[in-house]
Structure formats: structure tokens, C-alpha cells
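This report concerns the salt bridges of a single structure and the solvent accessibility of the residues that form them. The sequence and model are shown below.

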Amino acid sequence: MATDDPGERSNAIVIVGGGAGGLELACKLGRRLGAERVTLVDQQLFHIWKPTLHEVAAGTLDIHQEGLSYEMLAHDNGFRFVYGPLVALDAARRSIGVGAIHDESGEELLPVRELGYDRLVLALGSTSRYFGVPGAPERTLSLNDPASAEQFRLRMLKLLAAADMRKQRDGAASVDVVIIGGGATGVELAAELREASAVHTRYGLRRLDPDRDVRITLLEGSPRLLAPLSEKVSAAALDLLRQRHVDVHTDCRVTRIDAEGVEDHDGHRYPSELTVWAAGIEAPPLLRALGLPVNKSGQVEVDAQLRVPGWPGVLALGDCAACAGPGGRPLPPRAQTAHQEASYLGRALLGEARGRSWPEAPYVYRDHGSLVSLGTSTSVGSLMGVLFSKSWFVEGLFARLMYMSLHLMHHEAVLGVRRTTVLALARFLIKRATPRVKLH
């Protein structure tokens, strides 16, 4: 247990949240400082890179092949893993409470535990923000974690099978999917679902026409898709989605969701058997409940060095941190933001472990551009800091290869170059020997 007496301090660094930023930070510190000083806490047993959850939902990525065990990563990278949710934070005693773990029958597997820290890093990610829309929390699925993505996949598979049987019996059938939110998650899911539905019709569901019988509707409240990105990227994504028979509606504000479908502010209804909410995110409500200083989106307020003001020893990164970028604007909730913040904190915490003071130089975000996946063969986006520091619009196969490289870079950070290379080769070979979608 950490105490206020410097002679008794354990120099313990506890990271809560094993997403992209939290896990990369744990690996970086664990390899240098060891399991006695670095602990990662997460309520999941395995890690999946969050930008691939739309592929898990569509069935084009197998969650059981893609997932990386936290216990394995802890062993290989020299940190300690503690399984359970954050439930309490005592700043005066510098300790956190980790909740109990129960099995499906309710039997307690792990009790409530208490961990002391000298430095606590909050990397809890984000959850869906519903903006008070009636029916949204109860009637929609959100791709916040592997469990919700797998739930979507199983529901979609059942709907497709049922529609195929109805078409055999009645001569006509359809599956209606509505995606609310035209950001990266919504656009990527729409494209991946269209591609996956075509594959499903080749694996037993041959009575369905993937373009006509699987009806995908994308609703976006802004005037265009991918509003934070350039108009060129937005227009390219819209064109590609419409080519793939995705029904896109912009300037469409959802006002109500029920068991039959979705209603917008003009009274239009969109029938839906499966509705996905991808219209906004916020930090987990737990952060506010713990008494931490948060903004209106529930993000923890941090200073220029990613420290939480008034909470000694507490830091935050990623989607749950309200960090200001150039011009004072909040940083975008992207994997590259979490990656850069983890790199900054890694250098600062390693320097502190070697006896240096906390850096005075602030964290500086560098936008390297954004890429949006539109299936296994193409992507669109912009790259920054290349071609004489100008923004470069990219699309097609080259953009897809760049998008895939981001995933490999994350794996390299937590697995190393050799294992990442072997894993990439193994997955390439597995995909050649297995169905292109998960069928069970």
C-alpha cells in the first residue's frame, strides 16, 4: 500500500483500463520497471483493438482468434494484471477498490480487492451517449466492447437465417438494419455489414439477395457523414456506401426508437429489426460518481501534463480524459490520441522512476490524419505530416493497406516486432482456410 512517507512508498503505478492507450502504457512501463511496480486493472480478460469491433460485429473478424489475453500480455511484458472493475477511489490513502468477479450462477470467483498506488492512470475509455432519445438505451446495441459486438453478430446471424427460411416459404423476406450515427463507427459498420451479408449468401443463405433483402439504413444528424473529417473524405465515403446500396440520410435527427423501428424529427419512420447506436460517446459515469472533476461529457479534466488538478498522483489519458489540443479545442476520441498520450506518460513515468521531476513540457497532440475502413478491399481518409506537411487524400487499396498498418503498429507496441509478424502471417493463412465470416 502506498503511503505519504517517501521511505515507505512502493513507487506503484496502477493503470485502470486496458484499451489501446492503457495497454500500450502498461507494456512500455512493465518491460522497464517490472510487475512489482506496474499493475494493469481491467474488467475484461482479453484485449481487442477497439477500431476493429465493427468487423467483430459483422462476423468478418473472429473475436476468439483476435483477442489477446491480458494474463499473457502481463507475463510477456513484465506487468501485473488484476481482473475486475474499478469501484472506488480514495485519494487521501492513494488506493483504489477493484470489484468482485462472479460466475454466471452468481458465485463469487474473486473478492473485492484494494490496490495502493503512487501514480494512478485512468484509461477507462468511453461509452455511448444517448442525448435523452427515448428508447435509445433499451432498443439499440452499441459497439462499446467485445461483448456488445459479439451480441450484434449473433443477433444478425439469427435474423439472416430466419429471413432465408421465410423467403423459401413466402417468396419474399428482408432484414432491416438501422445504424444511427454517421461517424467512423457507423460508416465502417455499414460497409462491413454489406460485405458480410454478401458472403453469408454464399454460405448457405442462398435465397437472400444481399443488396435487396438486407436493407441497411444509415442516419446522421449532421449535414454530411464523417463531419470531423474533410469534405472530400466525406463525399468519397458517401459515394462508396451508395454504390453498395446503403440508404444514407443526413440532417436526420432521431427523436424516438421503439420495437418496430426509428422515428426522426420530421416524423419519418425507418423499420428496423436491429438498431445500432453510434451517434456519440461520453466518459463512463463512474468517473463523475467517484468525485473527479469532469466536463459535461463526463471526461476527467486534466492539465497540460495530463494530471488531474487537485488529485495528487492521478493522471488520465484517452477517451476519458478532457485534454485540450491546438486552439483549446478538445482532442478527438481516436486511437492515435490515446497512443500519443500513452507515449508521453510513458516517458514521464519512466523519468520519474529514475529520479527526475515531472516534465514541464506539455503534452502536444499531432494529427497524423484519419482513415476509415469501407470493407476488406478499400478505405478512404487523409494523411497528415507527409508530402511536405500537407494533408493528402487517400483511397482504395493503398488507403486500406495504411489502415491495416495501424492495427499492426498497435500489436507491435504490445507484442513486439517478431510476434506481430508471426501473428499477421498466421492470420493471413487462417483466413485462406476458413470461411470469410464467422458462421456459428
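## Asp303 and Arg307

Is Arg307 buried, partly exposed or exposed? In this predicted model, Arg307 has a relative accessible area of 29% and is therefore partly exposed. Its salt-bridge partner is Asp303, with an N to O distance of 3.0 Å between the two side chains. Asp303 has a relative accessibility of 23%, so this residue also counts as partly exposed, given that the buried class is confined to values under 20%.

## Arg215 and Asp176

A salt bridge joins Arg215 to Asp176, and the closest N and O atoms lie 2.7 Å apart. The contact links distant parts of the chain, since the two residues are 39 positions apart. Arg215 belongs to strand 14 (residues 214-219), while Asp176 belongs to strand 13 (residues 175-180).

The two partners fall into separate accessibility classes. Asp176 is buried, because its relative accessible area is 11% and the cut-off for burial is under 20%. Arg215, at 40% relative accessibility, counts as partly exposed.

## The network around Glu263 and Arg269

Glu263 and Arg269 form a salt bridge through their side chains, with an N to O distance of 3.5 Å. Arg269 has a relative accessible area of 37% and is therefore partly exposed.

Which residues are linked with Glu263 and Arg269 in a network of salt bridges? Arg256 and Asp258 are linked with them in this network.

## Overall count

How many salt bridges does the structure hold? The total is 17, including the pair Arg215 and Asp176.

Methods:
Residues are numbered from 1 along each chain as its sequence is written. This is a predicted model: local features need pLDDT of at least 70, side-chain atom pairs count only at pLDDT 80 or more; totals for chains, interfaces and linings use all residues. Side-chain values use heavy atoms; hydrogens and water are left out. A salt bridge is a side-chain nitrogen of Lys or Arg within 4 Å of a carboxyl oxygen of Asp or Glu. Helices (H or I, at least four residues) and strands (E, at least two) are DSSP runs, numbered from the N terminus. Buried means under 20% relative accessible area, exposed over 50%, partly exposed in between (1.4 Å probe, protein chains only).
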